Amino acid sequence: MKKILIIEDIEWNRDLLTQILEEDYGVVEAEDGKQGLEVARGERPDLILMDISLPEINGWELAPMIRRTEGLQEVPIIAVTAHAMAGDEERSKAVGCDDYVAKPINEDELLEKVEKLIGK
């Protein structure tokens, strides 16, 4: 089973993402950017779902850090964020994210993007 790391500081959002994904994927979680980087290094997930507004290290800073980490350079990252202003999707891709999902989360859109990047 492929493993997905959810980096999200709001418990309700982590729970929602876990419920959407846990039938088809293994799920590990982190509550902030610093913990997310540590978990990513230890777990070597197949995909990372990352909020942009995170404590400790925000997503704009975290994505490039993941891209510079040996063994994580090729792990797809999807920004899952309430940052839905003009230019935010492009900015997330510019810092190293492979895709972007705006909150509130559309379950079908999320699953389609996950499956496109890592399969089932």
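A residue counts as buried when its relative accessible area is under 20% and as exposed when that area is over 50%. The exercises below apply this to a predicted model.

**Exercise 1. Which residues of helix α2 are buried, and what covers them?**

Step 1. Helix α2 spans residues 33-43, and its buried residues are G33, G36, L37, V39 and A40. These buried residues lie on the same side of α2, because they cover an arc of only 165 degrees around the axis.

Step 2. The general rule behind such a pattern is that an α-helix has 3.6 residues a turn, so residues three or four places apart point the same way.

Step 3. The cover over the buried residues of α2 includes the strands β1 (3-7), β2 (26-30) and β3 (47-50), together with helix α3 (59-67).

Step 4. Now take the two ends. The N-terminal end of α2 is capped by D32, which has a side-chain oxygen 3.1 Å from the backbone nitrogen of K34. After α2 comes R44, with a positive phi near 50 degrees.

**Exercise 2. Which residues of helix α3 are buried, and what covers them?**

Step 1. The buried residues of α3 are G59, W60, L62, A63, I66 and R67. Their arc around the axis is only 165 degrees, so they sit on the same side of α3.

Step 2. Among the elements covering them are β1, α2, β3, β4 and α4.

Step 3. At the start of α3, N58 places a side-chain oxygen within 2.9 Å of the backbone nitrogen of W60.

**Exercise 3. Why is strand β4 described as largely enclosed by the rest of the structure?**

Step 1. Strand β4 covers residues 77-81, and 5 of the 5 are buried, so the strand is largely enclosed by the rest of the structure.

Step 2. Consider the two directions. I77, A79 and T81 point one way from β4, I78 and V80 point the other way, and all are buried. In general, the side chains of a regular strand alternate between the two faces of the sheet.

Step 3. Next, the pairing on each side. β4 pairs with β3 in the parallel sense over 3 bridges, and A79 of β4 is the bridge partner of M50. From β3 the chain passes through α3 to β4 in a right-handed β-α-β crossover.

Step 4. β4 is also joined to strand β5 (residues 99-102) by 4 bridges, and these two strands run parallel. Here the bridge partner of A79 is Y100.

**Exercise 4. Is S92 buried or exposed?**

Step 1. Locate the residue: S92 belongs to helix α4, residues 88-94.

Step 2. Apply the cut-off. S92 has 0% relative accessibility and therefore counts as buried.

Step 3. Leaving aside neighbours within four places in sequence, the contacts of S92 are W60, A79, C97 and Y100. Of these, A79 and Y100 also appeared as bridge partners in the previous exercise.

**Exercise 5. Which residues of helix α5 are buried, and which are exposed on the face turned away?**

Step 1. Helix α5 (residues 107-118) has 12 residues and reaches 16 Å from its first C-alpha to its last, close to the 16 Å expected.

Step 2. L110, K113, V114 and I118 are buried. They cover an arc of only 105 degrees around the axis, which means that they lie on the same side of α5.

Step 3. The face turned away from that buried side carries the exposed residues D108, E112 and K116.

Step 4. The buried residues of α5 are covered by elements including β1, α1 (11-21), β3, β4 and β5.

Step 5. At the start of α5, a side-chain oxygen of N106 comes within 3.0 Å of the backbone nitrogen of D108. G119 follows α5 and has a positive phi, near 75 degrees.

Terms used
Residues are numbered from 1 along each chain as its sequence is written. This is a predicted model: local features need pLDDT of at least 70, side-chain atom pairs count only at pLDDT 80 or more; totals for chains, interfaces and linings use all residues. Side-chain values use heavy atoms; hydrogens and water are left out. Buried means under 20% relative accessible area, exposed over 50%, partly exposed in between (1.4 Å probe, protein chains only). The arc is that of the directions from the helix axis to the C-beta atoms. Contact means heavy atoms within 4.5 Å. A polar contact is a pair of N or O atoms within 3.5 Å; within protein, one must be able to donate a hydrogen and the other to accept it, and residues adjacent in sequence count only if both atoms are side-chain atoms. Two strands pair if DSSP finds at least two bridges between them. A crossover is right-handed if, with the strands pointing away from the viewer, the path from the first strand over the helix to the second runs clockwise. The expected span of a helix is 1.5 Å times one less than its number of residues.
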